[in-house]
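Reader: I have a structure to study for my course, and I would like to talk it through. May I put some questions to you as we go?

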Amino acid sequence: MSIRGIFDDIFLLELSIAGAVFVVITVLLVVFLVRRRAGAGRPASSRADNIVLEVSYAVALLGIAVFLVVVTAQANHRQQQMQAQFRGAPDVVRVDVTAFQWCWRFQHLDGPASTTGTCQEDPATRPTLVVPIGRPVELRMTSHDVVHALWIPDLALKSDVYPDHTNSLAVTFDHAGTWLGRCSEFCGTHHPTMDFYVRAVPEQEYQQYLASGSPA
Amino acid sequence: MTTTSAPSPRPAPPAGRGTASAWLTTTDHKRIALLTLGTATFLFLVVGVLAMIIRAQLTLPSQHLVSNDMYHGLFTIHGSGMIYLVVTPIAIALGVYLVPLQVGAPAIAAPRLAMAGFWLYLGGALIIFSGFLTALGPALAGWYSYPPLSGSRYTPGAGQSLWIAGVFLAVLGLILQAATVLWTALLKRGPGVTMLRMPVFTWSTVATNLMVIGSFPSLLAAMGLLGWGRVFPQLFTENLWNIGYQHLFWFFAHPVVYVMFFPFVGVVAEVLSTFSGRRFFGYRATVVSLLVFAAFSMSVWGHHMFSTGQASNDYYSLTSILLLVPAGVEYFGFLATVIGGHLRFRVPMLFALAFVPQFLVGGLTGIMVATPVIDYQVTDSYFIVAHWHYTLAAGSLFGIFAAFYFWFPKATGLMLDERLGRWHFWLLVVGTNVAFLPMFWLGLQGMPRRLATYLPGDGFTTANIVSTVGTAVLALGVLVGVVNVVTAVRYRRRPAPDDPWEGFTLEWATSSPPPPLNFDDDHPLPPVRSFAPLLDEREHAGQEGADDPAEHGALR
């Protein structure tokens, strides 16, 4: 199970419940709009209350709310534990991430490798963070100026990035590939192009990158 | 029917009541409310036009119709305009107009305070918009204006400073108006109007204005902090002040979401029950749920900060998800009222009915974003943009139009056109859903909010084209509404009777428009024995001694 997997599960669960509730209420509404239209000739009810029904309904709602609270808290704890495990792993790859107006700097703690860019519309100007496949990666993020947010949409990974404060995200890349990362907290003039890439490569290639400072 | 005929003869108004100076120094709550509502409606059209420019820019990838910074100014003024200057003022000023009438009072408590509220609001609005005239343009840090970005170091220019001052003044004015409405409902009720005989709408304003009093001062503090930081930008190099601002801001800014929602729950309840020809079902449960909802609303603000890494996510998730209980109780009342009704599909009823499923989409996605593991992914994306446009545009805006078509005849003495009203309604339904539904998809596809443009390779193009088409239809619907009002007022062909809809509440017992002190010798205050006094009278006249509604659970 990945961080994205936990998101997918809970999203699907809540989407199904929400969809069911929406369908039930909308169908009820439409059916009774037809049946109770003035032309149908049914007189209006003079009943104004049904306390027993209302209280039992509220209790049922409370039950649903408690179920959702428990399920979502558990999912949140699973994600937090997963990240804590990654951070505590002996082979964790640590990267210091600095956000600034308007790009990113990635500084590896395992070697001299560091990368940054200018983040313009041309993708070649965006920095690429290189990480090894299979090892946990911890991103320790801080900002040089205003509040930014690091977001890798395909991995469901996001955290705000503050000046004078460090937030951390931990994740494992289990296959080779390149992912797009974005700034998702509005940060000024060039916010729309403040993108970067994450590239996961085999361990050997990663070691070469660390030593040379550039991917093979 | 001639253009000059009035529904009922009235004594000539005192000389000078129609002059501009009489309007601008009025102590009549109806005029204070109409000034506020009129200003807010005009500003709705203005900030709506800003949204059209935003949508035009986003229709196709890599477009630069306006510069990035102008785009940022547009979404800032669109968002903060709609929230601080349009929907919140309408939510509060509807109460200024209706609450004294609905509780049978001749006037609002502290009318000069309410009028001062209008002037502060108007002044604040002018100050915010004056940013467009400054060298560096309007404020551009978004409606929540987080520091350090909103500080003078990163956003120089007078526009941002003017925005801070304008928001402070406008919101201060709204607090004053809200306080007078609350005061009226609690202490100025007419004979026979006990607390549990106040209409649902009046109760919704009580809950609303309690939240205003409890939470809006926090925004004043937040704006004070931003102002201090613009003079001393060093302040916002410390995390304490940056995160502290977010807490102060959201302590105001989540309750304000319900301030922009509750009065329209009240409106929809009144309209549904009137056009269903029956009492609102579950009155007591709805009153309790509104008050519980208002109390809980003060404990959920941190769910806007799940991704900060500096909030107690489990706690805020718990309180936020629990809100589905009172919200569900309110929906039960809507549905049960319709289920036992004798339904007449007039224009206000259409808007109220559409509110029910459309706001539901906003509410159900609200539970999703109250879930931290979902919020981490969708916050600051277009999913959130879709979520609150479903609450505010598909929800509150439909409530506003329901209220508009329902009470326009009362306030002006003129009926609006049904046929144009239906065109307005259907265009708005189609436009709203086509504009905002694709945004859920865009958010899940990874489109961040507040993006001045995107690239062809991002895969956002199709949904953005659809959304822009929807916005155009929506705008056409609003235009039809404007035509409806202009023709009604210009030609004055359809004078409104006192009670055009067979209403239940006290405002329908007086003339249209009501006399200066609301009720007079020609329109005395009827006896009040429940929250639907005019329905009681009608039933009493119709079935003298035949059937006591109290046997069916009616409140007496």
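**Salt bridges and interfaces**

Author: Let us begin with one pair: A:Glu138 forms a salt bridge with A:Arg87, and the closest N and O atoms are 3.6 Å apart. A:Glu138 lies in strand E5 (residues 136-143) of chain A and A:Arg87 in helix H2 of chain A, so the pair ties together parts that are 51 residues apart in sequence. Please keep in mind that this is a predicted model.

Reader: Is A:Glu138 buried or exposed? And what about A:Arg87?

Author: A:Glu138 is buried, with a relative accessible area of 6%. A:Arg87 is partly exposed, at 27%.

Reader: Why would two such side chains pair at all?

Author: Side chains of opposite charge can pair when their charged atoms come close.

Reader: How is chain A divided into domains?

Author: Chain A is divided into domain 1 (3-88) and domain 2 (93-212). The C-alpha centres of these two domains of chain A lie 38 Å apart.

Reader: How many residues of each domain of chain A are in contact, and how much area is buried between them?

Author: In chain A, 6 residues of domain 1 are in contact with 13 residues of domain 2. The buried area between the two domains of chain A is about 760 Å², and carbon and sulfur atoms give 55% of that. On the side of domain 1, A:Arg4, A:Phe86 and A:Arg87 lose the most area to domain 2, together 69% of what that side buries.

Reader: What is the count of salt bridges between the two domains of chain A?

Author: The count between domain 1 and domain 2 of chain A is 1 salt bridge. A:Arg87 and A:Glu138 meet in a salt bridge. The rule also finds 3 residue pairs in polar contact across this interface of chain A, both residues being at pLDDT 80 or more.

Reader: Let me change topic. How many residues do chain B and chain A each bring to their contact?

Author: The contact takes 92 residues from chain B and 74 residues from chain A. About 6800 Å² is buried between the two chains, with carbon and sulfur atoms giving 65% of it. In chain B, B:Val373, B:Tyr376 and B:Gln377 lose the most area to chain A, together 9% of what that side buries.

Reader: And what links the chains by charge or by polar contact?

Author: The count between chain B and chain A is 2 salt bridges. There are also 29 residue pairs in polar contact across the interface of the two chains, both residues being at pLDDT 80 or more. Several helices of chain B each supply at least two residues of the side that touches chain A, among them H3 (68-102), H7 (239-253) and H16 (418-444). The largest share of that side of chain B, 9 residues, comes from H12(B). By class, the side of chain B that touches chain A has 50 nonpolar, 30 polar and 12 charged residues.

Reader: Which residue of chain A forms a salt bridge with B:Arg284?

Author: A:Asp49 does, with the closest N and O atoms 3.0 Å apart. B:Arg284 lies in helix H10 of chain B and A:Asp49 in the loop between H1 and H2 of chain A, so the pair joins two chains. A:Asp49 is buried, with a relative accessible area of 5%, whereas B:Arg284 counts as partly exposed at 33%.

Reader: You mentioned B:Gln377. Where does B:Gln377 lie, and what does its side chain reach?

Author: B:Gln377 lies in helix H14 of chain B, and its side chain reaches the backbone oxygen of A:Pro153 at 2.9 Å. Leaving aside its neighbours within four places in sequence, B:Gln377 is in contact with residues including A:Arg4, A:Phe7 and A:Trp151.

Reader: Why does B:Gln377 count as buried?

Author: Its relative accessibility is 3%, and buried means under 20%, so B:Gln377 falls within that class.

Reader: One last topic: how many salt bridges does the structure hold over all chains?

Author: The structure holds 20 salt bridges over all chains. One of its salt bridges is between B:Arg494 and B:Asp417, with the closest N and O atoms 3.8 Å apart. That pair links distant parts of the chain, 77 residues apart. In addition, A:Arg126, A:Arg182, A:Asp195 and B:Asp458 are linked in a network of salt bridges.

Note on methods: Residues are numbered from 1 along each chain as its sequence is written. Chains are lettered from A and ligands numbered from 1 in the order in which they are written. This is a predicted model: local features need pLDDT of at least 70, side-chain atom pairs count only at pLDDT 80 or more; totals for chains, interfaces and linings use all residues. Side-chain values use heavy atoms; hydrogens and water are left out. Contact means heavy atoms within 4.5 Å. Buried area is the accessible area (1.4 Å probe) that two parts lose on being put together, summed over both. A salt bridge is a side-chain nitrogen of Lys or Arg within 4 Å of a carboxyl oxygen of Asp or Glu. A polar contact is a pair of N or O atoms within 3.5 Å; within protein, one must be able to donate a hydrogen and the other to accept it, and residues adjacent in sequence count only if both atoms are side-chain atoms. Helices (H or I, at least four residues) and strands (E, at least two) are DSSP runs, numbered from the N terminus. Ala, Val, Leu, Ile, Met, Phe, Trp, Tyr, Cys and Pro count as nonpolar, Asp, Glu, Lys and Arg as charged, and the others, Gly among them, as polar. Domain bounds come from an automatic or database domain assignment. Buried means under 20% relative accessible area, exposed over 50%, partly exposed in between (1.4 Å probe, protein chains only).
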